[in-house]
Amino acid sequence: MTQGVGGAIRGGRAVLVLLGVVLLLTLVGPFSGEAQAATRCSGRKVDTLTFSTGSVHVYRSGDYLCAMTYARNPGALRTMSVSIQARGSRPVAKSGRHRTSVGPVRTHIGSRKVWIKGSVGGGKVSDGWFSYRR
């Protein structure tokens, strides 16, 4: 008889723990901090490269550079891309079919010059080798 009561108590605790986890996830959302950080660049805005169908926004944070491409007229699905290449390194790029923006791409540049590219649909920009000093 004692084992039945102990099992009921353990089962009740498990239900309370489960309800607590569900309540916590409902209030803050799963992985909310990671999703927020992945949607945009952090740091100081150092440049905006504009072209006919959009623009590339460039941010600097310490020795890192981050870039995102934004459509001038968001809405329709179209091919977009953004790329950063530090001198002496391979390019870091993202591309795909999006409605509003693509990115971010982030790379360590230190004091090296960089080449930045971006495109939305048929419009594109390719600019470099530039030095983004602190």
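These are my notebook entries on a predicted model, taken up element by element.

**Entry 1: the open sheet**

I started with the strand order. Four strands make an open sheet that reads β1-β2-β3-β6, with antiparallel pairing. I looked up the edges next: β1 (44–51) and β6 (101–108) each pair on one side only. From one strand to the next, the twist averages 15°.

I then took one pair within the sheet. β2 (residues 54–61) and β3 (residues 64–71) are joined by eight bridges in the antiparallel sense. To fix the register I picked Arg60, and I found that the bridge partner of Arg60 in β3 is Leu65.

**Entry 2: the pairings of β4**

I turned to β4 and followed its partners. Seven bridges join β4 to β5 (residues 92–98), and the two strands run antiparallel. For the register here I noted Thr79, whose bridge partner in β5 is Arg97. The hairpin of β4 and β5 has five residues between the strands, and there I found Gly88 with a positive phi near 90°. Most residues other than glycine have a negative phi.

β4 also pairs with β7, again through seven bridges and again antiparallel. In that pairing I recorded Val82, which stands opposite Gly118 in β7.

**Entry 3: Ser83**

Is Ser83 buried or exposed? I looked up its relative accessible area, which is 12%, so Ser83 counts as buried, the cut-off being under 20%. Ser83 lies in strand β4 (residues 78–86). I listed its contacts, leaving aside neighbours within four places in sequence: Pro91, Val92, Ala93, Trp115, Ile116 and Lys117.

**Entry 4: the disulfide**

How many disulfides does a search of the whole structure find? I got one. The disulfide joins Cys41 to Cys66, with an S to S distance of 1.9 Å. The two cysteines sit in distant parts of the chain, 25 residues apart: Cys41 is in the loop between α2 (32–38) and β1, and Cys66 is in strand β3. I noted the handedness as well: the link of Cys41 and Cys66 is left-handed, with -70° about the S-S bond.

I checked burial at both ends. Cys41 has 8% relative accessibility and therefore counts as buried. Cys66, with a relative accessible area of 5%, is buried as well.

**Entry 5: the nonpolar core**

I looked up the largest nonpolar core and found 19 residues in it; Val56, Leu65, Val114 and Ile116 have the most contacts inside it. The elements giving two or more residues to this core are β1, β2, β3, β4, β6 and β7 (114–120). Which element gives the largest share? I noted β4, with four residues.

From the core I followed Val114. Not counting residues up to four places away in sequence, Val114 touches Leu65, Ile84, Gln85, Ala86, Ile109, Asp127, Gly128, Trp129, Phe130 and Tyr132. I marked two names for cross-reference: Leu65, the bridge partner of Arg60, and Trp129, taken up below.

**Entry 6: cis peptide bonds**

Most peptide bonds are trans. I therefore wrote down the cis bonds that I came across. One joins Gly103 and Pro104, with omega about 5°. Pro104 lies in strand β6, an edge strand of the open sheet. Another cis bond joins Gly128 and Trp129, where omega is about -10°. Trp129 is placed in strand β8 (residues 123–130), and both Gly128 and Trp129 are on the contact list of Val114.

Note on methods
Residues numbered from 1 in each chain as written. Predicted model: local features only at pLDDT ≥ 70, side-chain atom pairs only at ≥ 80, totals over all residues. Heavy atoms only, no water. Pairing = 2+ DSSP bridges. Axes fitted to C-alpha atoms, helices over the stretch in contact; angles between N-to-C directions. Buried < 20%, exposed > 50% of the residue type's maximum accessible area, 1.4 Å probe, protein only. Contact = heavy atoms within 4.5 Å. Disulfide = S-S within 2.5 Å. Core = buried A, V, L, I, M, F, W, Y, C linked by side-chain atoms within 4.5 Å.
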